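The following paragraphs lead through selected features of a predicted model. Please keep the sequence and the coordinates at hand while reading.

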Amino acid sequence: MIITAPVQQAPAVDAGIETVTAAPLSTWQTNGTVWAIQVVGDVAYVGGSFTAVRPPGAAPGTQEVPRRFAAAFDARTGDLLPWNPVIAGPITTSSDSNCPSVGGGKRECGTVWDMDVTPDGGTLYLSGDFDKVDGKWRMGLAGFDTASGQLTNVYRAGIYGRAMAVTATNTTVYVGGNFTKLSDGSLRNRLAAFSRTTGDTLPWAPSADNLVRKLKMTPDGSKLVVGGNFSTINGSAPRRLAAVDPVSGARVPFNETNNFHSAAWVTDLETFGDTLYVTGEASGSVNEGVDAYNSAGVRQHFDNCLGASHSVAVLRGVVYAGSHAHNCNSMVDGFSEQYQGTNPQTARRYKLRAEVAVGGGKFQLLNWTPQTNDGNGPREMAVAGNDILWVGGEFTLVNDNQPQQGLTRFAYKDAGGTQTPPRGGDAPTVYSAVPGRATVSWSTGEDRDSRMVTYQVIKDGNTASPVYSVTTETKPWYPGGMSYVDASVTPGSTHSYAIRGVDADGNKGPVSPATSFTVPGAAPAPADVPKADAARVFYPLDETGGSTVRDVVSNRSLAVGSRAYLGQAGVPNLPGTAVRLDGRSGGALADQSNEWGRKLASVELWFNTTTNSGGYLAGLGNSRSTTGTSSTTDRILYMTNDGRITFGVSSDVRRTITSGPGLNNGQWHHVVATVDSLVGTTLYVDGVAVGTEPDAHSIARLNGYWRIGGDTLSGWPSRPSSDWFAGTIDQFALYDYPMTSGQVVRHRDAASGPVADTQAPTVPDGVAASVNGSTVTVSWQASTDNDSIAEYRVYRGSSAGFTANAGSLIASTGSLSTVDAGLAPGTYYYKVAAADPAGNVSAASSAVSATVQAAPPTPTALGPTEDTWVNSTIPGATAGGSWVMRVRAGANPQVSYLKFRIPAVPEWASLQSATLQLSTSANSWASTAEEQQIRLVTDSSWSQSTMTWPTAPAVSATVVGSLPSIGVDDTKTITLDAATLAAHAGQDISLAIVGTGGDNAEFDTSEAPAGSPVLTVVIG
């Protein structure tokens, strides 16, 4: 086994440029937890609490190869290497799960906790619970020669206790853990050092008052950084993270601001350049992320992620961490609390993440989210070269469903890594309250290693031609609402719609389940518009009495309080009634079905009031009492004393949007509030968006009940005089998607009476044109409209000032791009306009130009689609499939036939030349000194399988080429008349080889092993 020194990495890359891909590489597995990985050259040494390894894809307990507590693998391929030290530990009745069972209620404690290699690459050190290696005493510490793989003979003293950490220089080996004595009688409080050359215990003896988990030498060798659970080193602070002199053991300045909380501890240390990276865990949400310290021990960056981080590695300047992160809200592009195991919308912790240091002492989170199934997250990371990341831990699955235990690897694309396609999503929601239209709504999903994803709408299963495509940012923790209006459907027709994601590399994710939808032929009654638009909960509030009101979509119920009065006059133009609330306790309605808050949602209602005391209109709370109030609220709509409507969401902080005053004027007002965790919240009043809050991404940890008319407003901005609303409420609805602005307007108009749509969409922005050969692709950004966009119209002209009209229209599409193909060389100008379903058309965009260059003449080689010959002396014979075809004139003629398919010629090009290559067979009679003519055959309907002498098509007198002579087993090229062939562009052409004398000629056919006829045409 030949080992080289560790590879030096390249400098850091810019933030967000690239990460390793999220698809795991093929790697051997272990049958237990991996705690340590040390890469030396192209060898990855692995230590842990396993007893066997097995190939990739092998199920647990199958194809196992014994490897007790340590193994070696090819760092580039993941394959198992022969290195197989016999590591043994004491067998006891310990209940420590890190000690593998040996049966009979006993366990063997031989776990390897840490590994390090000397800077010269010569010696690999292991620390752990073991006491023997290869039958020799090695209590807690063993060294191996990397060139031979053999155990070194340098050993003098063992460690009584757990040796969790090891690091080495070229002269000294340092060990940390939970021990107070060595086997030579030396007393050492959790830190010790040994000579590399003699194994002797060195006088170096700093003292830690609690467990030491990790050791790392600073790159300049001036400080040994110590991490763990200790409160003091040599009797003084700082706790958890400190540094000592590697020679004297005296504490030296590092982390003097004492950044670690007393409830936290260090889990890993790693250096990259002049920076030391530190990860932590805690009994509580403190110091659980990644910190970066300079060589002086001053913290420069911290990500403040919550959810313990156990491992860290740096590759191409990107910091990778193994953890169970559930809140990285302090990071740039981070995510707020995910509440593992509660709300199914957020029940996830991110086990692997990537980040880079940016300004202000922060880290920026990158889009890299492979997943493992271990509860705590991967325990160890290491890098191979400058392009492969090794990950170890207690996981048994990678990326949710791929069996892989203990070890996995990820690589950059230039090292064989492959991008994962976008993950599949749920079936879209399809709805329409407008005849002849289908609106498709879906949520952005997750791509584990691409932030930008193109979403395609698949109609009626036609995956080859999506009806709509849109590219957008996607974040798994913040799904965004997307929608498409299909205006090309016939009322009464039924269609299916599904969604597929495609990443920037063209990797296609799975097609979602499809939703079938029958297009309405008539508009619904005004009161049924919410139901037609796929409200998931809809309370029309039309009951005239009773203690409950019913949801007409999912059959839920609202309990009616004693001061909530049904049967009141509702919104004009809507049949039915409404509910009046008297502004006191009991003046409320409370849903009796609890639910978790959603990351994509809308809430809609109508209200009418003259109150000057404000009050709670609707929201989610954790109480379903109509008289009491909640201790936690979210998604609330309330009115201030001066008649403003406020919509608020609550999670990391409370974020609100507020309308203008005066909505307490005794008139009916329509309110819609939308939640989109990717882009934030929006509040609409009477069809107009009155405000947005782009930072309102998160949702509260609340499994609550929707309430109408009253709940606590404690802590909310501009809290009104009353928490109970005095007024009338009608038509309360909830949706699983953020309603569009056009949809909001239609809902308002349905109740207030139809209003003609005369507003045109906005002009498409960002119009661009790109050229590929004779094809121009025109793309643009989406327009907006008070209703929706029915189509985009693309126009082409010959100058920038051309008029966009029916005469210059070249395409109408629902997508954000179109292709203009088969163009002649020249410069073309394009404009784009947007049209809505009412026929309103925006002004055309400014023109963009694209220049198509004349393509160089391109030769195309064509084989015959059919070839055969006929013989006058055997008139009924067929020769289709023969390896040869013969030609002769005279008394007993023979004629050969060839059929080719000539390519179509673009309008801007011509067929400039043509040649026919013929080869003779190796038979002695194949050659001829007589001229052979190539003549046109005007009938190409013949077939080689049935052609005989009587049925052969007539040969015309048109000679398109000639062959003066040809030898045996010879090849000649004949120039043909280009004009004759050009007349057959895009069609079949048949040619006959006709002799001029009585001599035989014999040519190879397309069925022959070699020498097939070849027709070459040059088009340009």
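In strand E66, which spans residues 848-852, the side chains alternate between two faces. Val848, Ala850 and Val852 point to one face and are buried, whereas Ser849 and Thr851 point to the other and are not. The strand is paired with strand E65 (residues 826-835) in the antiparallel sense, over five bridges. Within this pairing, serine 849 of E66 is the bridge partner of tyrosine 829.

Antiparallel pairing is also found in an open sheet of five strands, whose order is E68-E70-E75-E72-E73. Its edge strands are E68 (866-871) and E73 (959-963), each of which pairs on one side only. On average, and with direction ignored, neighbouring strands of this sheet are turned by 25° against each other. One of the pairings joins E73 to strand E72 (residues 932-937), antiparallel and over four bridges. Here isoleucine 934 stands opposite glycine 961 of E73.

The nonpolar interior may be considered next. The largest nonpolar core comprises 39 residues, and the members that touch the most others are Leu589, Phe607 and Leu637. Strand E50 (residues 600-608) gives the most to this core, contributing four residues. Another core, of 33 residues, lies apart from it and includes Val457, Val470, Val794 and Tyr830. What surrounds leucine 637, if neighbours within four places in sequence are left aside? Its contacts are Val603, Leu605, Tyr616, Leu617, Ala618, Ile645, Thr646, Phe647, Val671, Ala673 and Leu683.

Leu605 appears again in the surroundings of histidine 669, a residue of strand E55 (residues 669-676). Beyond its neighbours within four places in sequence, histidine 669 is in contact with Leu605, Trp606, Phe607, Leu663 and Asp686. Is this histidine 669 buried or exposed? Its relative accessibility is 6%, and because buried means under 20% relative accessible area, histidine 669 counts as buried. Its side chain nevertheless has polar partners: one polar contact, of 2.8 Å, reaches the side chain of asparagine 665. A polar contact of 2.8 Å also joins the side chain of histidine 669 to that of aspartate 686.

Glycine 587 offers a further buried position, with a relative accessible area of 0%. This glycine 587 is placed in the loop between strand E47 (577-582) and strand E48 (589-591). Not counting residues up to four places away in sequence, glycine 587 touches Arg563, Ala564, Leu581, Asp582, Thr626, Ile708, Gly709, Gly710 and Trp724. For isoleucine 708, which is 121 residues away along the chain, the C-alpha atom is separated from that of glycine 587 by 8.7 Å.

How many disulfides does a search of the whole structure find? There are two, and with bonded cysteines counted along the chain they follow the pattern 1-2, 3-4. One of them joins cysteine 99 to cysteine 109, with an S to S distance of 2.1 Å. The pair links distant parts of the chain, ten residues apart: cysteine 99 belongs to the loop between strand E8 (91-92) and strand E9 (101-103), and cysteine 109 to the loop between strand E10 (106-108) and strand E11 (112-117). The torsion about the S-S bond of cysteine 99 and cysteine 109 is about 105°, and the disulfide is therefore right-handed. Cysteine 99 is buried, at a relative accessible area of 0%, and cysteine 109 is likewise buried, at 11%.

The other disulfide joins cysteine 305 to cysteine 328, with an S to S distance of 1.8 Å. Cysteine 305 lies in the loop between strand E26 (299-302) and strand E27 (309-315), and cysteine 328 in the loop between strand E28 (318-325) and strand E29 (350-357), so the link ties together parts that are 23 residues apart in sequence. With 120° about the S-S bond, the link of cysteine 305 and cysteine 328 is right-handed. Cysteine 305 counts as buried at 1% relative accessibility, and cysteine 328 is buried with a relative accessible area of 0%.

Conventions: Residues numbered from 1 in each chain as written. Predicted model: local features only at pLDDT ≥ 70, side-chain atom pairs only at ≥ 80, totals over all residues. Heavy atoms only, no water. Buried < 20%, exposed > 50% of the residue type's maximum accessible area, 1.4 Å probe, protein only. Contact = heavy atoms within 4.5 Å. Pairing = 2+ DSSP bridges. Polar contact = N/O pair within 3.5 Å; in protein donor to acceptor, adjacent residues only side chain to side chain. Disulfide = S-S within 2.5 Å. Core = buried A, V, L, I, M, F, W, Y, C linked by side-chain atoms within 4.5 Å. Axes fitted to C-alpha atoms, helices over the stretch in contact; angles between N-to-C directions.
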